[in-house]
Every structure is written in C-alpha cells, then in structure tokens.
Amino acid sequence: MTTSNLGVGIDVGGSGIKGAIVDLDTGEFVSERVKITTPKPATPKAVGEVVAEVVRQLEWDGPVGVALPSVIKNQVAVTAANIDKAWIGTNCHDLLATHLPGRELSILNDADAAGLAEVAFGEEQAKQNGAIFLTFGTGIGSAFFADGKLFPNTELGHLLIDGVEAEHLASSAVKDNEDLSFKDWAKRVDTVLHEFDRLFNPSAFIVGGGISRKADKWVPRLTVDVPVIPAKLRNRAGIVGAAMAAYEHVKP
Ligand code: BGC
C-alpha cells in the first residue's frame, strides 16, 4: 500500500522494534502497530532485517523513516548508547537500503523523531519559545525546539550530574532495575530537570516515553520552576515522527 498522505515509521528501541502506517494529516495510526523483539545483539545487520520484516508485515512499499537511539549525522550513526556498538560509524541509510532496496529512507535520532511528532500533533507548548522534549525509557532522550524548529542530536541523557550520567540516574529503566517508588524516582528526575533548567532555561519541558502515561504519579512531585507537561503522543511519537521525517525528506 502507498498513499500520498500516509507514511511508515519504525522506532528501534532497547526492547522492541515497532512500526505502523501513519496518517500524516492527523498523526494517527491507520494500521495495527507491528512489534518485533529487538534482536540481541542489536547489530546493524540484525536490526536491518527486523526493520525490513516490520515493513513487510505492514505490506508497505513507500518511503520509510527509522528512529534510532543514536546521534545521526549525514545518516551515519555517531553514537550507540543503548544499541550494539557496531552501529558507530555505520551509514544507516546505506545499511537499511540493502534490506529495503529502492526506498526513500530517512534515519534520525529517536527523541528527535518523537519531539517532531509532538510539535506537529501534540502539546501546544512544544511549538512555542524554547521547549525541551524528553523521553524517559531505556535511556533519556532529548530534543530541543526553538519556536517548533528542531535543533537535532542533543544528548542531555548523557549530561553528567555529580559525576553520573543523567540517564543512569533517572531513566525509567533505572526506576525498574532499582525498584524505585515513583516518589524516589521523581526526586531523581527533579535533580536532573533542575540541572537541565540551570543550563538551558527552557520555556517548558515536555516529558514523553511510556512512563508519561503515569505522569500523575510523578510530575506533581517535581519542584523545578518551569512547566513540566506530559507529552500527548506518548510512545506513539517515535513512529509518527519517523514517518514524518521520511515524508518530508528530513535527513539529519
Ligand atoms: C541515546 C540517545 C537516545 C536516548 C533515548 C540515549 O542513550 O544516547 O541518542 O535518544 O537514549 O533512546
């Protein structure tokens, strides 16, 4: 299937590789979400095969956008914090083109993809002034927006706070691994947000990732003096943003 205002986005995460056909006028899924467990190790070749399988299951033959947990410059992965280190230096476009020949492909950072979707279809304050979008999952992803325009490849999850990377302190994986209560985890998120605020002074933090579904359990506990707003698209955002990137030929 290919239709002009539809697109496919694939979000490569630490636990699953997820994709869907997206209506790019509304940001809604128009297919089931296909999810395949992330191969271990998540090497470029293994992930490429799964991405192609997701596209096959969606019966899609148009452009494909892929969101990866890496800094992506000129379609080359520069970092690989939560996927196999073999990604570093890989031209993701060329790699995926071997699995999906003849396609229009766009590869971008997963938090940037999710942030783009939130700006287009989600929270109004993401479009205004200097907003920082954050995703809490296996790591902490970040996307910076100035009046809705993306400054790509920011990596706030790796900012050192008292010598510890922000995502090692306060990702939602850390909450699970250390069995932290929302109260204790929120204290850590608060520490992280205070530091981000001190350095970047955003007009708002928009918080996404699966754990934003339970925002009422932790957002009200935060003391940072900037609005913290749960993302509207939640874990749909990465897929929608990746589909938008392919459709709009965004190729960081
Ligand atoms: C990666 C980022 C990614 C974030 C969320 C971090 O560990 O360095 O590139 O956006 O995790 O997946």
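**View 1. H249 sits in the segment after α7 (237–247).** In this predicted model, phi of H249 is near 55°, a positive value in a residue other than glycine. Is H249 buried or exposed? With a relative accessible area of 53%, H249 counts as exposed, because the cut-off for that class is over 50%.

**View 2. D179 also has a positive phi, near 55°, although D179 is not a glycine.** Look for D179 in the loop between α5 and α6 (182–200). The relative accessibility here is 69%, so D179 counts as exposed.

**View 3. S171 occupies the loop between α4 (166–170) and α5 (172–177).** S171 has a relative accessibility of 1% and therefore counts as buried. Which backbone nitrogen does the side chain of S171 reach? Follow the side chain to V174, whose backbone nitrogen is reached at 3.1 Å.

**View 4. A cis peptide bond links K40 to P41.** Omega for this bond is about -5°. P41 belongs to the loop between β4 (34–37) and α1. Helix α1 spans residues 44–57, and P44 is part of this helix. P44 counts as buried because its relative accessibility is 9%, under the 20% cut-off. How far apart are P44 and L95 in sequence and in space? They are separated by 51 residues along the chain, while their C-alpha atoms are 7.4 Å apart.

**View 5. Strand β1 (residues 6–12) is largely enclosed by the rest of the structure, because seven of its seven residues are buried.** In a regular strand, side chains alternate between the two faces of the sheet. Here, L6, V8, I10 and V12 point one way from β1, while G7, G9 and D11 point the other way. The residues on both sides are buried.

**View 6. β1 has pairing partners in β2 and β5.** With strand β2 (residues 16–23), β1 pairs in the antiparallel sense over seven bridges. The two strands make a hairpin, with three residues between them. To find your place in this pairing, start at V12 of β1, whose bridge partner in β2 is I17. With strand β5 (residues 64–68), β1 pairs in the parallel sense over four bridges. A handy landmark for this pairing is V8, whose bridge partner in β5 is V64.

**View 7. Strand β14 (residues 204–208) is mostly covered, with five of its five residues buried.** A204, I206 and G208 point one way from the strand; F205 and V207 point the other way. Which strands pair with β14? Strand β9 (residues 130–136) pairs with β14 in the parallel sense over five bridges, and strand β15 (residues 228–230) pairs with β14, again in the parallel sense, over three bridges. F205 is a good residue to centre on: I132 stands opposite F205 in the pairing with β9, and F205 stands opposite V228 in β15.

**View 8. The ligand takes up the space of the largest pocket.** The elements giving two or more residues to the shell around the ligand are α3 (110–121) and β10 (140–146). The residues surrounding the ligand are P69, S70, A81, N82, N109, D110, A111, I140, G141, E155, H158 and E167.

**View 9. Acidic side chains at D110, E155 and E167 come within polar-contact distance of the ligand.** An N or O atom in the D110 side chain is 2.5 Å from a ligand oxygen. From E155, a polar side-chain atom lies 2.5 Å from an oxygen atom of the ligand. For E167, the distance from a polar side-chain atom to a ligand oxygen is 2.8 Å. How much of the ligand does the protein bury? On its own, the ligand exposes 310 Å², and the protein buries 94% of that.

**View 10. N109, one of the residues surrounding the ligand, lies in strand β8 (residues 105–109).** N109 counts as buried because its relative accessibility is 3%. A polar atom of the N109 side chain is 3.1 Å from the backbone oxygen of S70. The side chain of N109 also reaches the backbone nitrogen of A111, at 2.9 Å. S70 and A111 are themselves among the residues that surround the ligand.

How values were computed:
Residues are numbered from 1 along each chain as its sequence is written. This is a predicted model: local features need pLDDT of at least 70, side-chain atom pairs count only at pLDDT 80 or more; totals for chains, interfaces and linings use all residues. Side-chain values use heavy atoms; hydrogens and water are left out. Buried means under 20% relative accessible area, exposed over 50%, partly exposed in between (1.4 Å probe, protein chains only). Two strands pair if DSSP finds at least two bridges between them. A residue is near a molecule or strand if one of its heavy atoms lies within 4 Å of it. A polar contact is a pair of N or O atoms within 3.5 Å; within protein, one must be able to donate a hydrogen and the other to accept it, and residues adjacent in sequence count only if both atoms are side-chain atoms. Accessible areas come from the Shrake-Rupley method with a 1.4 Å probe; for residues, only the protein chains shown count as cover. On a 1 Å grid over the protein atoms alone, a cavity is a set of points where a 1.4 Å probe fits but cannot get out, and a pocket is an open set with protein on both sides within 12 Å along at least five of seven lines; lining residues have an atom within 4 Å of a point. A molecule sits in a cavity or pocket if more than half of its atoms lie within 2 Å of its grid points.
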